Amino acid sequence: MSEKSFTFGLIGYPVTHSLSPCIHTSALNALGLDGQYSIYEVPALPEGGERLEALLAKVQSGEIDGLNVTIPHKQSVLPYMDFLTDTARDSGAVNTIMRREGAMVGDNTDADAFLSDLMRNLPQSLDTYWAIVLGAGGAARAVVYALLRQDWRIKVVARSLDQAVQLAEHFQDARLSDVRVVETLRLSDLRSGNVKRWMALHENDFILVVNTTPVGMVPLVESSPWPDGAPWPEHGLAYDLVYNPLETVFMRQARVAGLKAVGGLGMLVEQAALAFERWTGFHAPRKVMLQAAVREGIHHDSQIGTG
Ligand code: NAP
């Protein structure tokens with residue numbers, strides 16, 4: 001065992017059944033490192049403000065080595081950071097907090113984790129890159145950021161058009177896109193004639209459909225974010241960020257429509273691995289972490305939360 005004992009944790013609400021403690025603990029154990037990963041329930045601001053500030057002060061003082069951030073704090077922690085990495089700044093969301101030379105740094109490992117898991121699941125060569133991103137919250141920002149950097153063209157589809165437009169404008173302001181690249185649509189309009197015509201026009205193109213909403217996650221396992229009657233692309237991949245259950249209704253619908261479908265467990269493990277590497281400086285044992293997540297996921301069956 002090394003002399004250093006690491007202290008990590010997750011802030012969010014609700015987070016009681018998160019897989020993160022077991023994923024990080026498995027990595028610490030596999031490398032013979034001492035440490036612990038705790039869950040810190042912090043309600044949304046303003047209610048959770050004092051608790052959030054107290055935890056961040058512990059990062060500042062070195063009492064906590066690293067924090068993961070999940071719903072509802074990925075955007076609310078931004079103003080507390082001394083520095084943001086390029087990914088956190090440009091995506092406008094933080095999922096990993098660390099200390100560097102006494103300063104508190106906000107990073108986002110979701111974007112790289114999504115991209116690396118996506119790459120594992122894409123066909124070898126692609127001519128046209130269209131992505132339909134469902135949802136416009138913190139995870140959507142990381143996904144859109146990752147895709148824009150790879151020159152994908154994107155439609156952001158949210159139940160509130162305002163939220164989708166706000167996300168698109170964020171990327172325009174960050175000079176990562178222009179109006180033509182990030183289009184916006186109301187979720188209910190996925191059933192519209194315009195979308196049917198668009199799908200017909202792109203029937204030979206590869207289209208990625210990403211669910212970044214929590215719809216389909218426990219306890220709402222019978223629901224799908226894809227509106228009834230909305231046309232699926234002819235060719236493509238459905239990627240669900242939800243990882244509990246391992247197979248969602250959204251994934252099943254996509255498979256029935258002839259698409260390949262992937263769940264969010266690979267991304268979850270990769271974002272944890274990248275955070276672990278930032279905090280410890282050690283290469284993360286990804287296989288061990290994935291096995292631990294699968295074991296814990298099956299163990300908890302129907303009661304795992306976010307993060
Ligand atoms: P968030 O910031 O709260 O955003 C959620 C988005 O989903 C919002 O746009 C929200 O719209 C929308 N939404 C919520 N309920 C909806 C519904 N019933 N119908 C349509 N849209 C709905 O949350 P987040 O941090 O982005 O996380 C979203 C999901 O991604 C969670 O399930 C989380 O576990 C998962 N995630 C997975 C990974 C991974 O590694 N696999 C990483 C990050 C996140 P409103 O604002 O209108 O409610």
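Me: How many residues of each class does the shell around the ligand have?

Reply: In this predicted model, the shell is sorted by residue class: 11 residues are nonpolar, nine are polar and three are charged. In total, 23 residues surround the ligand, and the closest are Ala136, Ala139, Arg159, Gln163 and Leu241.

Me: Which elements give two or more residues to that shell?

Reply: Two helices do so: helix H5, residues 138-149, and helix H9, residues 265-280. Helix H9 supplies the largest share, with three residues. As for the site itself, the ligand takes up the space of the largest pocket.

Me: Which residues place a polar atom at a short listed distance from an oxygen atom of the ligand?

Reply: One looks for pairs of N or O atoms within 3.5 Å. Ala139 brings a polar backbone atom to 2.7 Å from a ligand oxygen. With Arg159 the N or O atom belongs to the side chain, and the distance to an oxygen of the ligand is 2.7 Å. Leu268 contributes a backbone N or O atom, which is 3.2 Å from an oxygen atom of the ligand.

Me: How much of the accessible area of the ligand does the protein cover?

Reply: On its own the ligand has 920 Å² of accessible area, and the protein covers 80% of this.

Me: How should an aromatic pair be read, and what is the angle between the planes of Phe8 and Phe276?

Reply: Two rings pair if their centres lie within 6.5 Å, and planes over 60 degrees apart count as edge-to-face. The count for this structure is eight aromatic pairs. In the pair of Phe8 and Phe276, the centres are 6.3 Å apart and the planes make an angle of 70 degrees, so the pair is edge-to-face. This pair links distant parts of the chain, for Phe8 belongs to strand S1 (residues 5-12) and Phe276 to helix H9, 268 residues apart.

Me: Where do cis peptide bonds occur?

Reply: As a general idea, most peptide bonds are trans. Here, a cis bond joins Ile71 and Pro72, with omega about 5 degrees. Pro72 is found in the loop between strand S3 (66-69) and strand S4 (83-84). Another cis bond joins Asn244 and Pro245, with omega about 10 degrees. Pro245 is located in the loop between strand S11 (235-240) and helix H8 (249-256).

Me: What is the phi of Glu101, and where is this residue placed?

Reply: Most residues other than glycine have a negative phi. Glu101 is not a glycine, yet its phi is positive, at about 50 degrees. Glu101 lies in the loop between strand S5 (96-100) and strand S6 (103-107).

Methods
Residues are numbered from 1 along each chain as its sequence is written. Side-chain values use heavy atoms; hydrogens and water are left out. A residue is near a molecule or strand if one of its heavy atoms lies within 4 Å of it. A polar contact is a pair of N or O atoms within 3.5 Å; within protein, one must be able to donate a hydrogen and the other to accept it, and residues adjacent in sequence count only if both atoms are side-chain atoms. Accessible areas come from the Shrake-Rupley method with a 1.4 Å probe; for residues, only the protein chains shown count as cover. On a 1 Å grid over the protein atoms alone, a cavity is a set of points where a 1.4 Å probe fits but cannot get out, and a pocket is an open set with protein on both sides within 12 Å along at least five of seven lines; lining residues have an atom within 4 Å of a point. A molecule sits in a cavity or pocket if more than half of its atoms lie within 2 Å of its grid points. Helices (H or I, at least four residues) and strands (E, at least two) are DSSP runs, numbered from the N terminus. Ala, Val, Leu, Ile, Met, Phe, Trp, Tyr, Cys and Pro count as nonpolar, Asp, Glu, Lys and Arg as charged, and the others, Gly among them, as polar. Rings of Phe, Tyr and Trp (its six-membered ring) pair if their centres lie within 6.5 Å; planes under 30 degrees apart count as stacked, over 60 as edge-to-face and the rest as tilted.
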